[in-house]
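Here is a quick tour of how two chains meet and how some helices pack. Have the model open while you read.

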Amino acid sequence: MAQVPDTKHMTATPATRVLGAVALVAVLLMVLLGLVVSPADVVQGQAVRMLYLHVPSIWIAYGAFVLTSFSSALFLMRSRRRHDGGRHYDRLAGSAAEVGVVFTGITLATGMLWGRVTWGTYWQWDARLTTTVLLFVTYLGYLALRRLPADPMTRGRRTAVMALISFVNVPIVHYSVDWWRTLHQKASLSVGRRPEITGEMYWTLLYSTLAVTIVASWLIVHRYRVIRLEELRDEEALEALIASRLKEDDVQA
Amino acid sequence: MLREALLIARKDLRVEWRSKVTLGHVAPLALLILVVFAFAFDANARLLELGAGGLYWVAVLFGGTLLIQRAFDVETEDGNFDAFRMSAIGTPSLFLGKSLGVFLQVVLLELVLVPGVVLLYNVRIENWVLLLAAAVGGTWAFSVCGVLWGAMAAGLRVRATLLPLLLVPVLAPVLLAGSRAFETALGVRADAGWTWTSLMFVIAAVHTAIGLGTFGFLLEEG
């Protein structure tokens, strides 16, 4: 007789396996376009290739933090109503924040390498660099708060409020640092404005953004499932512990 | 709501008056920080004069963080938040009251720090009105942010290390704006001191609104 798969403990489904395969192919193609097909820049030289990872990474990080904030708001709205307190929103917020932090880290690392080649230094007290590092540390704090042992609902509410405040704070930090000083070049791609780059570079950058989005989605889905499994593990461990204590009491009686 | 907030603030100030922690421990530590900065700058009078505004706000940040930590320790050690939840006091009042209590304690700290900066760093106050407005706006922004994050870290075993990690990135614009406004007030730089002061009031207003709306969630258990 065929065994029924234990779907509760699975971290992958056919759909996410396909998504993973698509992500892998997308990244390989991105490497090919970025390193081989796309030409070197007249001014920046080979360093321009760093931007094919740098620019999509910060877009994904911003998107992930927006997702964290919306999920947190939904969690707060549902936490007093539903029987499970809308914990899936909390899981989604946590997984998106983790992916956001990873991509903010990639943005900082590639930006510093690019700065070394272009500006001659790894770090400048430029507005966008300073804002990004503050964003990075803010969400590292968010993840630190998530990792602390506490009742899941209490912790969920605290981290949800933190996510909302952090989100509101992002433009304040951005503009305050922007007034302070700015050196960073204008955004290469932005909505409603003619792009700063054209031709193969433009299409490579657009394609890289798509490829990195697929990778980030795959990571968020898997991270969500791992968080759910961690919760199941904790709940089952607690139930087993209670059962063993009850058994001890029965033996003593 | 205001009456309840004043009750909470008065309670916190009474605890402080009896323990004398702000004046006895935190203010001397903050003054010591001003002295240590002189070591870092090799007692270069010109550098200290230029950086006086920023160094003042860093000392406020260090001292203020300790005060916020303490404002929540006195509540969590005896389970006071459970008592607040069972009382008729609303969470917005509690938030305002705690913020007011922290604000007045940080003002006390600043009353020691301002003369400290003037004497140790040899600066002159050129614009008293700007200095006062910046101090009030910055301190209220610091207090409401501090109370929000303090509630988040309250009761956790690692709160002493977690609170500064959570608080400093959020307070970065306040530190920046406070430093620039103070530098203008001290005549060190001819900058838009009032613009920076306005920014601090905006930050204070935004975080007060968030705190009034969300403080209840931070106190809920289970």
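Chain A and chain B touch through 23 residues from each chain, where contact means C-beta atoms, placed from the backbone, within 7 Å. On the side of chain B that touches chain A, helix 6 (128–153), helix 7 (159–185) and helix 8 (193–219) each give at least two residues. Helix 7 of chain B brings the largest share, nine residues. By class, that side of chain B holds 19 nonpolar, two polar and two charged residues.

This is a predicted model, so to speak of local features takes pLDDT of at least 70 and side-chain atom pairs count only at pLDDT 80 or more, while totals for chains, interfaces and linings use all residues. Residues are numbered from 1 along each chain as its sequence is written, with chains lettered from A and ligands numbered from 1 in the order written.

Now for helix 2 of chain B and two of its partners:

| Partner of helix 2 (21–40) of chain B | Angle and axes | Contact residues by class |
|---|---|---|
| Helix 3 (45–76) of chain B | about 150°, 9 Å apart | 14 nonpolar, two polar, one charged |
| Helix 5 (91–120) of chain B | roughly 30°, within 10 Å | 14 nonpolar, three polar, no charged |

Helix 2 of chain B packs against helix 3 of chain B at about 150°, which makes the two roughly antiparallel (over 145 degrees). Their crossing is right-handed. Among the residues that meet here are Phe37(B) of helix 2 and Phe62(B) of helix 3.

Helix 2 of chain B also passes helix 5 of chain B in a right-handed crossing. That contact includes Leu31(B) from helix 2 and Val112(B) from helix 5.

How values were computed:
Axes fitted to C-alpha atoms, helices over the stretch in contact; angles between N-to-C directions. Helix = DSSP H or I, 4+ residues; strand = E, 2+ residues; numbered from the N terminus. Parallel < 35°, antiparallel > 145°, perpendicular 65-115°, else oblique. Left-handed = near helix turned anticlockwise from the far one by under 90°. Contact = placed C-beta atoms within 7 Å. Nonpolar A, V, L, I, M, F, W, Y, C, P; charged D, E, K, R; others polar.
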